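Colleague: I should be grateful for a close look at the strand you consider worth describing, set against its surroundings. Please take the chains around it into account as well.

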Amino acid sequence: MKPAPFAYERPGSLAEACALLAEGGAKLLAGGQSLGPMLNLRLVQPEMLVDLAGLDELKASERLVDGARLGALVTHAQIEDGRAPDPTGGILPRVACGIAYRAIRNRGTVGGSLAHADPAADWLTVLAALGATAIVTGADGERRVPVAEFATGAFETVLGEAEILAAVAIPTVAAGARWGYVKIARKPGEFADAMAAVLRDPERDVERVVVGATHGAPIIVEDFSEAVLAESLARFDPIARRLCRAAVRRALAEADA
Amino acid sequence: MKDVSLTVNGNPVAARVEPRLSLADFLREHELLTGTHLGCEHGVCGACTILIDGAPARSCIAYAVACEGADIRTIEGLDDDPVTAELRAAFSAEHALQCGYCTPAMLVTARDIVLRLPHADEARIRRELAGNLCRCTGYLGIVRAIERVIAARKPR
Amino acid sequence: MVMRQNVADGGVGIGARLPRKEDARFLRGRGEFVADIRLPGLLEIAFARSPLAHARIRGIEKPVGREGDVFTHADLTDVRPIRAVAGLPGFKPSAQGVLASEKVRHVGELVAMCLAATRAEAEDLAAATFIEFDELPVVADVRAACRPGAPLVHEEWGDNLLLETVAEGDLAELARTAPVKVSRSLKTARQCMSPLEGRGVVAQWREREGQLVLHSASQMPHIVRTGLAECLGLDEGRVRVISPDVGGGFGYKGILLPEEVCAAWAAMRLGRPVRWIEDRREQLTANANCREHHYELTAYADRDGRLLGLDCEAMVDAGAYSSYPFSAALEPAQVASILPGPYRFDHYRCRSLAVATNKPPILPYRGVARAGVCYAIEVLLDAVARAVGKEPYEVRLLNLVPPEAMPFDNITKKHFDSGDYPESVRRAVAAIGLDGIRARQAQRDLTGERIGVGFAVYNEQGAHGTSVYYGWGIPMVPGHEQASARLTPDGGLELRVGVHSHGQGLETSLAQVAHEVLGIAPAKVSLVHGDTALTPYSTGTWGSRCAVMAGGAVAAACRALGERAKKIGARLLQTDYASVRLAAGEIVGPAGSVGLAEIARVWYRAPQNLPDDVDPGGLDVTIGYKPQRDTGTFSYACHAALVSVDSEIGAVELIDYVVVEDGGRLINPMIVDGQILGGAAQGIGTALYEEMPFDAEGQPLASTLADYCLPGATEVPAIRILHMQTPSPYTEFGQKGIGESGAIGPPAAIACAVNDALKDLGVEIGELPITPRRILAALDEAERGGR
């Protein structure tokens with residue numbers, strides 16, 4: 001189970017990385033915790049890997065007035081351990097702690113996870129619920145996309161061929177806000193069968209429910225109601241629907257607790 | 001082929017490698033460090049877990065070429081490590097290994113638990129072990145061995 | 001490594017929880033597994049495998065410019081197919097070409113062998129080998145396979161029925177008269193045994209010895225040698241098979257693989273060492289599976305729940321080929337012979353069909369058919385208990401063979417050697433706290449907690465020998481198990497056995513056996529195992545046989561060695577043989593003693609001091625052993641599971657798990673506990689997690705460990721083990737085979753517990769594994785009035 005041959009480059013700047021991507025046939029390597037298995041299984045056979053490891057600006061994080069900016073290469077373990085700024089009052093470390101296994105979290109990155117856009121991955125659902133923004137770099141400069149709109153389907157995103165997800169901006173969660181996050185999986189570390197995140201922030205007038213682990217982009221329900229949820233789950237099979245509703249019910253209960 | 005320089009078990013190593021060569025295969029085939037085992041080659045079973053820059057990581061889904069400047073430590077490099085020595089004794093006393101295939105990586109993970117979570121209880125130890133599969137022991141001996149080492153280190 | 005101090009009772013012989021001698025190398029990463037072996041000039045093998053489950057091969061195009069590195073059936077003309085026949089009447093044999101020729105019969109079947117300097121490059125060659133197929137209709141389900149007009153896996157058979165086994169009995173009268181009649185349809189999933197290390201082989205032709213030397217991750221090197229020699233047309237003396245350290249077996253490594261034959265052929269053809277290391281995808285999607293049973297069961301009972309008769313139609317999905325040496329007959333024939341379990345009743349009929357499908361072959365997995373039949377009969381007995389309004393354990397107590405009936409010949413002529421089966425149930429009931437659980441359940445309306453308890457009782461035939469296997473007529477019949485014992489010149493002991501230890505701790509437990517007989521410290525005993533050139537012939541490690549067979553053989557060899565030492569010792573003590581005895585590593589006479597080390601020194605280095613009539617066999621003895629009866633030992637156990645079912649999401653949590661086990665006299669209780677714990681963890685996988693599904697086209701649907709779910713540390717609870725120790729009357733020390741036992745009980749105990757938790761909803765789950773999806777589907781159906 002070895003990868004097909006590929007070339008390897010480790011650019012020294014974002015511009016250089018974008019230029020390599022523009023040549024086509026390349027894939028970005030961040031933490032490699034999803035890409036590695038796909039390469040080994042020959043499910044992807046890129047001509048070149050462009051390793052982002054040399055780009056220190058993607059590893060940097062900073063506190064902002066209204067939140068924090070996390071570089072795309074910040075690892076799950078850094079977030080788990082409080083080695084990255086947390087404007088959410090502990091939500092981010094708790095979520096990070098439940099991603100895969102520690103050995104994966106030590107390498108896997110928040111940006112890589114978002115860009116891979118596995119529907120069952122944690123950050124896509126969680127950061128959408130938190131109202132985070134993806135900061136995307138390309139040849140034409142930087143653009144900002146709400147994480148809620150970042151994934152366009154399973155393993156599909158708004159990223160152009162020569163664009164790189166550079167960072168995420170995560171807004172502060174007010175002290176009075178309530179949060180609930182539940183994922184239903186057969187084992188810890190397994191991909192979830194259902195997941196739901198709930199953010200209730202009366203100050204910002206937010207009442208958002210995000211359902212993840214769908215077969216596409218996360219389902220975002222602003223101004224939650226049972227009826228709207230039922231409608232968004234209509235296309236699921238009865239058992240998936242049951243699991244999703246359970247995840248939502250439990251996440252709501254956690255937020256209420 | 002690409003050049004890469006890294007440190008393996010404290011020794012500087014320079015090599016010319018195919019980019020697709022995994023770190024695990026590099027360690028096993030080039031450095032003859034066969035204590036690192038391949039179980040699934042897709043990051044799930046944990047048998048290939050080693051230390052990269054001091055933190056446990058899967059060597060089957062890391063590529064040697066991407067480890068420029070990295071400090072790699074394998075089970076062979078933990079011979080004289082005091083925590084690993086305590087774990088080895090506890091693993092033997094608690095019958096925490098049978099066929100021995102998952103054992104080196106299990107020790108790497110166990111060492112990380114002991115050092116990072118000095119107050120971990122049984123439930124937490126089990127959760128932290130979720131990324132290392134063992135098909136022989138039923139895990140009880142492994143959990144007990146880690147508990148034993150954590151308990152013994154507490155008074156210090 | 002000094003180990004003695006840890007042994008609480010001060011002893012290191014039989015019964016001591018001696019820490020394992022083998023641990024030291026594994027704990028430093030210094031085990032030597034097959035993938036660790038380095039030979040100069042080694043070439044790597046990857047295989048081009050069939051992507052289709054059933055197809056005719058129209059042509060194979062080798063990669064241009066690399067034709068010489070790719071081999072197909074047309075190149076291996078001098079290799080015979082693997083044939084594993086069984087002597088059972090009606091068995092239909094299949095010939096498995098090591099590389100497919102005309103037809104492929106399952107996804108993953110080998111079509112071309114590709115060699116290169118690295119595995120990655122060999123995989124490139126495999127990817128560039130183009131195979132043209134004509135697709136054939138696929139039969140991926142046993143029921144479909146039995147319908148008239150079904151596609152045929154082997155055309156020459158005329159149907160897909162590999163074997164029909166019938167235990168005859170007339171239940172017509174009972175069907176009319178029995179007060180209680182309970183029927184169930186049950187199914188167990190196809191599984192992958194999933195040792196953490198896969199299969200692997202390093203093959204080399206050694207000119208000096210004129211020998212093919214094959215290192216293989218195998219449980220049975222001697223059997224592999226025989227099979228290889230047959231396929232390659234070599235004298236067995238030209239083949240040496242070595243099992244190095246092996247990363248778990250569980251039955252998966254009890255087979256002659258086509259990959260082994262291919263690698264051996266390539267090493268001889270190319271004159272270079274080659275290796276093939278199975279990767280996880282090959283293991284999951286291409287190589288042998290196990291355990292897919294379908295049952296239609298009816299129990300007849302009186303109003304007390306006393307079993308009057310049992311009727312069963314069973315089907316086993318045997319896959320496309322019969323594996324060497326166990327054949328595809330073992331599992332299905334076993335279903336019919338062991339379904340009655342540890343119970344006593346008078347009327348029995350069972351028809352068991354082995355059906356060929358376009359799926360990989362099956363192998364006997366830890367517990368073989370027992371995990372399935374135990375699940376079947378225990379779920380059925382719970383249904384009987386419900387029908388008569390009794391506790392499930394009460395119905396077990398009523399039907400188990402009582403201790404006063406031991407030894408007991410059951411309805412299928414199995415000879416149960418010893419034990420108190422009902423007592424194991426009583427202890428399990430007490431240990432799990434049944435009364436407390438029933439009280440907790442009564443509080444459900446207040447707490448919302450949905451818990452359930454389940455019990456499973458079974459016995460396990462282990463170390464069964466010649467008379468049993470001769471009856472199967474498969475390529476392998478175990479006879480006397482041999483061991484060699486040899487004193488080294490400095491008084492240490494070398495043991496040689498043909499079985500192989502791959503986690504069972506034989507390097508330690510057999511040293512304890514030797515210590516028990518000769519008094520030599522286990523640290524001074526070394527075990528040579530798994531090498532056909534160095535060890536006596538053995539069928540290998542399978543069937544829970546090593547403690548009984550290799551343990552018995554080592555004891556016998558050590559006894560004989562002790563006799564030789566006594567003769568020499570008597571001479572050195574200047575007394576006669578009749579007045580000396582062997583004690584604690586010394587030959588003791590009326591007026592002094594001489595140690596075994598001194599005796600060894602004299603034999604090897606001071607022979608001038610030996611009497612003229614000394615036994616020229618010296619201090620090196622090989623001897624064979626069989627128990628007094630070779631029908632097997634019957635260990636037994638009662639498992640009790642306490643589960644919590646979350647009916648909103650279909651999750652099952654194991655809250656408590658108790659095993660009351662009787663393995664006879666235990667050689668090393670720590671190792672026995674390890675076997676039970678590890679087996680039970682695998683049984684939990686069977687019960688709740690592990691499933692290799694196939695679609696209608698025979699495509700395997702779990703190709704990674706993210707899809708094929710193995711239990712981890714959070715899925716296996718802290719299992720509690722209680723021992724009973726009823727010696728077997730037939731074995732050397734009273735020990736019984738125990739290695740597979742732990743894996744048998746959990747599917748039954750957990751299924752019964754889940755059904756107990758759901759009983760007020762009128763829901764029963766009749767299929768393993770009990771996944772959230774299956775629970776939710778059953779609840780959904782119940783809610784919609786389906787039951």
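Modeller: In chain B of this predicted model, 65% of the 156 residues count as buried. Five helices and five strands make up the regular secondary structure of chain B, and their order along the sequence is β-β-α-β-β-β-α-α-α-α. The radius of gyration of chain B is 16 Å, close to the 15 Å that the globule rule gives for 156 residues, and chain B is therefore as compact as a globular protein of that length. Along the principal axes, the C-alpha trace of chain B spans about 50 × 30 × 20 Å. Of the contacts in chain B between residues at least 6 apart in sequence, 61% join residues at least 24 apart.

Chain A may be described in the same terms. Nine helices and 14 strands are found in chain A, and 54% of its 257 residues count as buried. A compact globule of 257 residues would have a radius of gyration near 18 Å, and the value for chain A, 18 Å, agrees with this. The C-alpha trace of chain A spans about 50 × 40 × 35 Å along its principal axes. Of the contacts in chain A between residues at least 6 apart in sequence, 62% join residues at least 24 apart.

The strand to be examined belongs to chain C, and the meeting of chain C with chain B comes before it. There, 42 residues of chain C are in contact with 42 residues of chain B. On the chain C side, α1 (23-27) and α18 (669-689) each supply at least two residues. The largest share of that side, six residues, comes from α18(C). By class, the residues of chain C that touch chain B divide into 19 nonpolar, 13 polar and ten charged.

The close look now turns to strand β1 of chain C, residues 43-49. Seven of its seven residues are buried, so β1(C) is largely enclosed by the rest of the structure. In a regular strand, side chains alternate between the two faces of the sheet. Both faces of β1(C) are covered. On one side C:Leu43, C:Ile45, C:Phe47 and C:Arg49 are all buried, and on the other side C:Glu44, C:Ala46 and C:Ala48 are buried too. Charged residues, including C:Glu44 and C:Arg49, are thus found among the buried positions of this strand.

Which strands are joined to β1(C) by bridges? Strand β14 of chain C, residues 274-277, runs parallel to β1(C) and is joined to it by two bridges. In this pairing, C:Glu44 stands opposite C:Arg275 of β14(C). Strand β7 of chain C, residues 110-116, runs antiparallel to β1(C), and six bridges join the two. Here C:Ala48 stands opposite C:Ala112 of β7(C). Strands of a sheet pair through backbone hydrogen bonds, in either the parallel or the antiparallel sense.

Another sheet of chain C may be set beside this strand. It is an open sheet of three strands in the order β6-β2-β8, with antiparallel pairing. At its edges stand β6 (103-104) and β8 (130-135), each with a single partner strand, so one side of each is left without a neighbour in the sheet. Strand β2 of chain C, residues 55-61, pairs with β8(C) in the antiparallel sense over six bridges. Within that pairing, C:Ile57 stands opposite C:Phe133 of β8(C).

A single residue of another strand adds a further detail. C:Lys181 lies in strand β10 of chain C, residues 180-187. C:Lys181 has 18 C-beta neighbours inside 10 Å and therefore counts as partly exposed; a buried residue would need 20 or more. Leaving aside neighbours within four places in sequence, C:Lys181 is in contact with C:Thr298 and C:Tyr300. C:Tyr300 is 119 residues away along the chain, yet the C-alpha atoms of C:Lys181 and C:Tyr300 are separated by 4.7 Å.

Finally, there is a pair of helices in chain C. The axes of α9 (residues 370-388) and α10 (residues 392-399) come within 8 Å and cross at roughly 110 degrees. α9(C) and α10(C) are therefore roughly perpendicular to each other. From α9(C), the contact is made by C:Leu381, C:Asp382, C:Val384 and C:Ala385; from α10(C), it is made by C:Pro392, C:Val395 and C:Arg396. By class, this contact has five nonpolar, no polar and two charged residues.

Conventions: Residues are numbered from 1 along each chain as its sequence is written. Chains are lettered from A and ligands numbered from 1 in the order in which they are written. This is a predicted model: local features need pLDDT of at least 70, side-chain atom pairs count only at pLDDT 80 or more; totals for chains, interfaces and linings use all residues. Two residues are in contact if their C-beta atoms, placed from the backbone, lie within 7 Å. Helices (H or I, at least four residues) and strands (E, at least two) are DSSP runs, numbered from the N terminus. A residue is buried if 20 or more other C-beta atoms lie within 10 Å of its own, exposed if 12 or fewer, and partly exposed in between; C-beta atoms are placed from the backbone. Two strands pair if DSSP finds at least two bridges between them. The radius of gyration is taken over C-alpha atoms; the globule rule is 2.2 Å times the number of residues to the power 0.38. Axes are lines fitted to C-alpha atoms, for helices over the stretch in contact, and angles run from 0 to 180 degrees between N-to-C directions. Angles under 35 degrees count as roughly parallel, over 145 as roughly antiparallel, 65 to 115 as roughly perpendicular and the rest as oblique.
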